[in-house]
Structure formats: structure tokens, C-alpha cells
Amino acid sequence: MGRYFGTDGFRGEANVTLTVEHAFKVGRFLGWYYGKKQGKRAKVVIGKDTRRSSYMLEDALSCGLTASGADVYLLHVTTTPSVAYVTRTEDFDCGVMISASHNPYYDNGIKLINSKGEKMDEATIADVEAYLDGEVGEVPYATREELGQTTDYSAGRNRYVGYLISLAPRSYRGVRVGLDCANGSSWMLAKNVFNALGAKTYVIHDEPDGLNINQDCGSTHIEALREFVLAKHLDIGFAFDGDADRCIAVDEKGNVVDGDLIMYICACYMKDRGQLLGNTVVTTVMSNFGLYKAFDAAGIDYEKTAVGDKYVYENMVKNHFRIGGEQSGHIIFSQYATTGDGILTAIKVMEVLMEKKMPLSELAAPVRIYPQVLKNIKVRSKPEAQNDPDVQAAVAAVAEKLGDTGRILVRESGTEPVIRVMVEADTEELCNEYVDSVLEVIRSKGHAV
């Protein structure tokens, strides 16, 4: 991890840890870097979510880019996957998405996307960070005819919507679909897609005011959609996050169908049709134990990566796998996209629903989600705590007791001085008992702060 950019961009509180000056300097460097690298004027596309600060950061980025001689194309309010799509399909040198995803409105972020529509490589990120820290010389300003310009590029966003619509193999006529747009990026796009496909569409949280993004709504507050689906007697519901790269579903009974269940439903469908290359799904280590038991029963292989859709995608590209994702709803269909795409995920779930003529509750029924308890403990040294022989012995003892009825996972936080202890078992009581037994050893050995 760099000083500024984590696994999902440069994120922080707007004008506190992520300032206008940061955005201007990121633009200055990128405009110069791509222009110098190619010996021609750089082309950069920018999208943003509905946060009030997104407009400010968009202006600062555009200013920095054009001052360095790059031409800027503005998609305006749009989704992260749409920026990735436009960048890779329309010959842009890079893309920038201004969003803090599922975070509250006062946070924001800058996500950098390479010309292939993928998250920016670590080497380029390191160069950007070195410039932000003043470790490299000032880049030159463009002058006269070398100055860049900005162009309204709403047409790119519209082409992305058309692309999504083209992926649905049949009409949704007669299906009652609920959409929770989180007062974010999907507030116009999702409804347009589902209306075009013939669904009877019911939408909530599609009135962004710059301050209400993700506020008690969307994929991180799924209760609102559950209540809406039941109250309106809908067939299915989909909730997105602020930049619409996540999707969580709700079935006709009001049950939550999270990223793990979505991967199971889609992977089984793909396997039946000979589309599951390598017969493998890529998950992170945080996927539920019940998902793996269900995959075993279905004869589907799986791989586990570190937490972060970036690592899921890297594994998929390396091994040519077609589906992967996270419990949180980041699902990647590599045949169609280079990043998690909430609206695309909803379309793929609808495909299974329509083709198999089964309600979502039945499609998800074979997976038994195990109770899960995750607790954090602040420590003086993450490596010392995790590598302590007594801590490891306590973890091994829990694993032995669980056998094939659950699992324990102990990992270090990537951003905080914290160890995370997670247990999945038959009951929540057992989960708490086993987690607490490991935490007690960490405390007794003097690692806790």
C-alpha cells in the first residue's frame, strides 16, 4: 500500500486528508506523464459520483490535467464501471473516477484506471505519490497551443448504458424489480436500463442532494430494500453502493442475497452451460464457509485471494477465470467487464432468473450461510501478535475443534494497527466463544493496546 493510494484509490475526508491541491497535483502529473510517455497530447476521461465535493475535485483534476497539456472528457455523474468501460473501449490513456464508494458523503476518493480499464498499476501509482510528496521535480506547464481543453462527454456514458442493455438475452416484461440507488451514481442509469428491458421498475433513494449518498440506503444498508420489496410485493430487488460497483440482491421473501450467494447462483448457471472456464470461481478469504461447502457439492472449484476486488481480478486475468468477487457485492464478470459492476451483476442475476424460471429464493436455497463473528483488537505490532507461538497455538486449537464444521481466519488490517479474528461455526454462540478465546491469548501475551 502507498501513502495515499490503497487498494481502491486515494480516499479520505474531502479537504482534510484529500484536498483540492491533491486533486490538482494528481491531474498535473497524469497529464504530463502520459503526454511525455507517448510523445503526444494525453486523453483522460473523468467520472464522478453525487457527493457535493465531487464537483470541486472534478474541477481541480481537470485544471491540473489541462494545465499539463491533456485533453479532458467529462462523463459527469456516472458509475465507476462506466469509466472503466469508456476508458478501455474509446482509446483513452487513462480514466479517473471521483468517488469514495460506500463511504459517507464527507469522504471522497480518486480512483485511477489504466487504458485497459483496469485499476492502475503500482509503479504508476508510486510515481504519482512521489510527485505528491515533492520527491520529483516540478512538471512543466503547457503553454499556447499545447494547453489542454475539456469536453462534455455524456455520449460515452450513454454508450455504456446501451452496452449494458445489449447484454440481456431476453425481456424482463412482467417482472417487478426494485432498485435502491443509494442516492449515488446509479440514480439515473439503473432505472433507464431496467425500463428499457421491460421490467416494471420501482426505485428508491434516487434523489441525491450531495449529502445523502449511502445514508441509510444502498448495499451497505440493505434493510431499506428488504422492507421495500416486501411492501410492494416485488419479485426481486437490487441495491447498489455510491459508485455502483457493488450489488446486493433481495429475494421475493425479503431475504438478503449477498455477493457470495450471487457468485453461487451465477457460477452454477455458467457451469450448466459450459461457460465456467477452469470450472473455478475466485473469492476472497472473507467469503462464507457455507459458500465453499455449496461449491463442493456442486462440483465447482474455487480460489481464495486477499481481501480486495483488485486481487480477485488479478487472479482471474492470470488464470483466465470468468467470475469472481466479494461477499460485499463486488462481482466481476471478466468476459464483459474489468471491474465490479453493480448494474451488470443485476443483469446477470436476472438472466438466471428468467432462463431457469425460478424465484431467487430457490436459486439461493442450496447455500447454507454459516453464522460469522468478526472482532478486531488493536495491537502494538501486528506481525508480533500474529506470529506469537501461543497465539498460533490458540488458533490451531480452534481450527481443530471446528474440523469441517466451520473455520477460523486471523489477519492483519491493511490500514490500521489491528488484528481481525473471524470465526464461522454452527451457532453464533460458538463463534463468539472461539473468537474470544483467541483474543484473550493476544491480551494475556501483552500484544493488545
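This passage walks through a predicted model, from the overall build down to a handful of single residues.

Taken as a whole, the protein has 15 helices and 19 strands. Its radius of gyration comes out at 23 Å, and a compact globule of 449 residues would sit near 22 Å, so the two agree. Laid along the principal axes, the C-alpha atoms take up a box of roughly 70 × 60 × 40 Å. Of the 449 residues, 57% count as buried. Long-range pairings show up plenty in the contact list: among contacts with a separation of 6 or more, 70% are between residues 24 or more positions apart.

As for the outside, the accessible surface adds up to about 18300 Å², with 49% of that belonging to carbon and sulfur atoms. On the charge side, there are 49 positive and 62 negative side chains. The centres of those two sets lie 4 Å apart.

Now for the single residues, starting with K48. This lysine sits in strand 3, which covers residues 43–48. A lysine might be looked for at the surface, but what does the model say about K48, buried or exposed? K48 has a relative accessible area of just 2%, and since anything under 20% counts as buried, K48 falls in the buried group. Setting aside neighbours within four places in sequence, K48 touches S54, Y55 and E58, then H76, V77 and T78, and also M97, I98 and S185.

E58, one of those K48 contacts, turns up again with S62. The backbone oxygen of E58 is 2.9 Å from a polar atom of the S62 side chain. S62 itself belongs to helix 2, running over residues 52–67. With a relative accessibility of 8%, S62 is counted as buried. Beyond its close sequence neighbours (those within four places), S62 is in contact with I46, V72, L74 and T150.

Further along the chain comes A385, part of helix 13 (residues 382–387). A385 is buried too, at 1% relative accessibility. Which residues pack against A385, leaving out those within four places in sequence? The contacts are V379, V391, I419 and H447. A separate C-alpha distance ties A385 to G446: the two are 61 residues apart along the chain, yet their C-alpha atoms are separated by 8.9 Å.

Two loop residues are worth a look for their backbone angles. A182 has a phi near 60°, which is a positive value in a residue other than glycine. A182 lies in the loop that links strand 8 (176–180) with helix 6 (186–196). A182 is buried, its relative accessible area being 0%.

H233 also has a positive phi without being glycine, in this case near 55°. Where along the chain is H233 found? The loop in question runs between helix 7 (223–232) and strand 10 (236–240). Here the surroundings of the residue read differently on the accessibility scale: H233 is at 62% relative accessibility and so counts as exposed, the cut-off being over 50%. Put side by side, A182 is buried, whereas H233 is exposed.

Notes. Residues numbered from 1 in each chain as written. Predicted model: local features only at pLDDT ≥ 70, side-chain atom pairs only at ≥ 80, totals over all residues. Heavy atoms only, no water. Helix = DSSP H or I, 4+ residues; strand = E, 2+ residues; numbered from the N terminus. Buried < 20%, exposed > 50% of the residue type's maximum accessible area, 1.4 Å probe, protein only. Polar contact = N/O pair within 3.5 Å; in protein donor to acceptor, adjacent residues only side chain to side chain. Contact = heavy atoms within 4.5 Å. Rg over C-alpha atoms; globule rule 2.2 N^0.38 Å. Areas by Shrake-Rupley, 256 points an atom, 1.4 Å probe, with all protein chains shown as cover. Lys, Arg positive; Asp, Glu negative; His and termini not counted. Charge placed at Lys NZ, Arg CZ, Asp CG, Glu CD.
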